[in-house]
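Subject: Structure for you to look at

Dear colleague,

I am handing over the structure we talked about, and I would be glad if you opened it before reading on. My notes on what was found follow below.

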Amino acid sequence: MPRHVSRCTVFAMHCALALGLAVATLLGGDQAAAQDGPVTWSHGIAMHGEPALPADFSHFPYANPDAPKGGRFTRALHGTFDSLNTYIVRGVAPDAVPNYVLEPLMARSLDEPFSLYPLLAEAVALPDDRSSITFRLNPAARFADGEPVTAHDVAFSFETLREYGRPYFRANYGQVSEVEIIDDRTIRFDLSQTDDRELPLLLGLMRVMPAHAMDAETFQTTFLEGPIGSGPYMVSDVRPGERLTLTRREDYWGADLPSRRGKYNFDTIRYEFFRDGNTMFEAFKTGLYDLRIENDATRWATGYDFPGLNDGLIVRAEVPIDQPRGMNGFVFNTRRDLFSDIRVREALTALFDFEWVNRNLSYGLMARTQSYFEGSELASTGHSATEAERTLLAPFPDAVRPGIMDGTWQPPGPDGSGRDRAMARFAMNLLADAGWRLDGNALRHSASGEPFAFEFLAVSRTQERLALNYAQNLRRLGIDMRVRIVDDAQYWRRLASFDFDMIEWTWGVSASPGNEQRNRWSSVAAQNDGSLNFAGAQEPAIDAMIDAMLEAHDREEFVAAVRALDRVLLSGFYAIPLMHQPDLWLANDAGLRRPDAVPMMGLPPELWWRESE
C-alpha cells in the first residue's frame with residue numbers, strides 16, 4: 001500500500017479503463033442520480049427505518065465532546081503480526097489500519113442497530129428501492145499528504161477490494177452492476193441487479209485508499225509500511241511481531257465533524273504483542289498496557305489481587321451492556337468425514353458438561369450460550385416460530401427440528417456431576433446409530449475399524465484448558481480427542497485453509513446482522529479459503545434464510561428471517577454451544593476515563609481519554 005515510484009502509481013486510471021467505469025462530468029452533484037430521477041440528499045441512512053439522530057446532531061450521544069486530547073494509550077494483543085494489510089488473506093495483521101488510518105465513507109453509530117452518518121461523504125442519496133446509492137464527498141476531506149479525497153479514490157478502492165480483497169469483499173462488491181463517477185466529489189453505485197438491501201450500507205463502510213499513492217501489485221502483498229490515509233492517525237513505528245505505534249495527526253481534516261467529536265483523544269496509540277496469555281496478563285499487572293477486557297472467568301475471580309490494583313493504580317468494573325453475544329462454541333469441521341454425520345455432532349454436543357465446567361473452571365460466573373444471536377431479540381430460543389418464520393422455512397421441511405421450531409429446545413448436556421450416565425447412554429445410542437461401537441476402551445467404526453480420534457486446535461491456554469476438560473469426558477466413551485496448541489501465525493494459516501478438525505470460535509454479532517452471515521454460513525463461503533464458514537455448512541435452507549434476511553424491508557421481516565436462520569443453524573449442530581460473560585469485565589489504568597453512557601456495541605478505545613494532569 002505504500003507508494004512505489006518504480007511501479008504504476010496511477011493504477012486507478014488503468015483500473016477505470018480496464019474495468020469499464022462509466023465516467024461522466026456533470027455541472028454539479030445535484031444531478032448525481034439522474035437515472036433515478038431527482039436526487040434527495042440525506043445526512044444518513046439506516047438498515048431499517050430512519051437514522052435516530054437529526055442532520056444537525058453535534059456528536060454521538062455516547063461520545064464526550066469535552067474529552068481532553070493528549071497522552072498515550074497502550075493496548076495489548078495476543079499473538080503476533082507480519083503485515084499491516086488486513087484486506088487480503090495472506091499474512092497476520094492487527095486492526096490498526098482500518099480503525100485509525102483509513103476511513104470509511106460514512107461513520108457507524110455504536111448505539112443503533114445499523115445507521116450511518118457523514119464522514120468522508122457529507123451526504124448520501126438512496127432511493128426507496130435501494131437500486132443505487134450515491135455519495136457526495138466532503139470537499140474538506142484530505143489524505144495525510146494533503147491530497148483531496150475524490151470519487152476516483154472511492155472507485156479505485158472499490159475495484160481493488162473487489163478484485164483482490166478477501167472473499168468477503170469480492171462476494172459483496174461483486175453484486176454492484178456499475179460504478180459511475182459523476183464528478184470529483186460524487187460517485188454512484190448501481191445496485192439494480194441485487195435484492196441485498198444491506199449492500200448500500202456496506203458500501204458506506206468501505207475504507208477509502210489513495211489512488212495516487214497505491215498500486216494493485218503492492219495491495220496484494222503483506223507490507224509493514226503505514227499507508228497514506230485520511231484518518232486521525234498515521235503509523236509512526238513498526239517492530240514486526242512486537243510493537244506498532246500510531247501518532248495522532250494534528251492536521252486531521254475531520255477532527256470537528258459530529259461523527260468524530262469526542263473520539264480519538266490520545267496523542268499516541270501503541271500496540272504491544274504477546275505470544276502467551278499468561279505473560280500478557282503479567283504485563284498488565286505491571287502497567288505495560290492500559291486496558292484489559294477480561295474473558296477468563298477464573299482470572300477475573302482470582303487473579304485480580306496484585307499491588308497495582310490494591311494501590312489504586314488500576315481499577316476494574318463489571319459493565320452491563322446490551323450488546324448481543326453471538327455464538328461461542330466448539331466448531332465441527334464438517335468437511336471431515338468424521339463430523340459429516342449429524343448424529344455424531346449431536347452426540348458430542350450432549351457430552352459437554354456446562355454446569356460442571358461453569359462451577360469448577362469458571363466460578364459460576366458464565367452463562368450458557370443457546371443461540372447464534374444470543375442476548376438479542378433475534379435469538380430463536382424460548383420463542384415458538386411465528387407464521388412468518390414458518391412460511392420462510394416451509395420449502396425446507398426437514399431443516400428445523402420440532403423442539404427448535406417451537407422454542408422449547410435447549411443445548412443438551414450432562415447434569416453437572418461430571419459423570420452423567422443417562423447423557424452418556426443418549427450419546428452412545430446416537431453414535432451406535434452412526435456406526436460406532438466400543439472395542440475394549442476404544443470407540444471404532446463398525447465397517448472400517450478406524451478409531452474415533454480427532455485433533456482440537458487451540459491458540460491459547462484458556463482454550464487448551466477447556467478442551468482438555470472436554471477431552472477427559474470423551475475419553476470415558478472411548479473417544480480420543482487430542483488437544484494441540486499452536487502459535488498465532490500457524491493457527492491463522494490453518495484456519496484460513498480449514499486445516500483442522502475442531503476449534504473454539506466466537507461468531508460475534510450486532511443488532512443488525514447482515515452480509516457477514518454469508519461469509520460465515522453460505523454454501524459458497526464453505527468452499528472459499530479465508531472465509532469464516534469454519535463449520536463447512538452447505539445447507540440450502542441456510543442460504544435461503546440469509547437471502548430473506550438481506551431482502552427484508554422492515555424490522556419485523558428482518559427479525560423473522562434471522563430467527564429462522566438461527567433455528568436452521570441450531571438444528572445442524574455445527575458447533576457445541578459453550579458460554580458467554582453476562583457483563584463486560586473491564587480493568588484499566590486509573591488515569592483513563594470513559595463515557596458514562598455505554599453504547600450498545602461496547603467501549604472501543606477511541607471513546608476513552610486520559611485524565612488531564
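**Overall picture**

Of the 613 residues in the protein chain, 57% are buried. Please keep in mind as you read that this is a predicted model, and that the values below were computed from it.

The secondary structure of the chain comes to 19 helices and 28 strands. The radius of gyration is 25 Å, close to the 25 Å that the globule rule gives for 613 residues, so the chain is as compact as a globular protein of that length. Taken along the principal axes, the box that the C-alpha atoms fill is roughly 80 × 60 × 45 Å. Among the contacts with a separation of 6 or more, 74% are made by residues 24 or more positions apart. As for the outside, the accessible surface is about 24900 Å², and 48% of this area belongs to carbon and sulfur atoms.

**Charges and salt bridges**

The chain carries 60 positive and 85 negative charges, and the mean positions of these two groups are 6 Å apart. Side chains of opposite charge can pair when their charged atoms come close. How many salt bridges does the count come to? The count comes to 30 salt bridges, and three of the pairs are described here, beginning with R248 and D267.

In that pair, the closest N and O atoms are 2.5 Å apart. R248 belongs to strand β13, whereas D267 sits in the loop between β13 and β14, so the salt bridge ties together parts that are 19 residues apart in sequence. R248 counts as buried because its relative accessibility is 16%, which is under the 20% cut-off, while D267, at 29%, counts as partly exposed.

A second salt bridge joins the side chains of D296 and R465, with 3.6 Å from N to O. This pair links distant parts of the chain, since D296 is in the loop between β15 and α8 and R465 is in helix α15, 169 residues apart. D296 is buried, with a relative accessible area of 6%, whereas R465 is partly exposed at 34%.

In the third pair, R518 and D547 meet at 2.9 Å, N to O. R518 lies in helix α17 and D547 in helix α18, so parts that are 29 residues apart in sequence are tied together. Both residues are partly exposed, R518 with a relative accessible area of 23% and D547 with one of 31%.

Finally, you may like to look for the network of salt bridges that links R336, E455, R494, D499 and D501.

With best wishes

Notes: Residues are numbered from 1 along each chain as its sequence is written. This is a predicted model: local features need pLDDT of at least 70, side-chain atom pairs count only at pLDDT 80 or more; totals for chains, interfaces and linings use all residues. Side-chain values use heavy atoms; hydrogens and water are left out. Helices (H or I, at least four residues) and strands (E, at least two) are DSSP runs, numbered from the N terminus. The radius of gyration is taken over C-alpha atoms; the globule rule is 2.2 Å times the number of residues to the power 0.38. Buried means under 20% relative accessible area, exposed over 50%, partly exposed in between (1.4 Å probe, protein chains only). Contact means heavy atoms within 4.5 Å. Accessible areas come from the Shrake-Rupley method with a 1.4 Å probe; for residues, only the protein chains shown count as cover. Lys and Arg count as positive and Asp and Glu as negative; His and the chain ends are not counted. The place of a charge is taken as NZ of Lys, CZ of Arg, CG of Asp or CD of Glu. A salt bridge is a side-chain nitrogen of Lys or Arg within 4 Å of a carboxyl oxygen of Asp or Glu.
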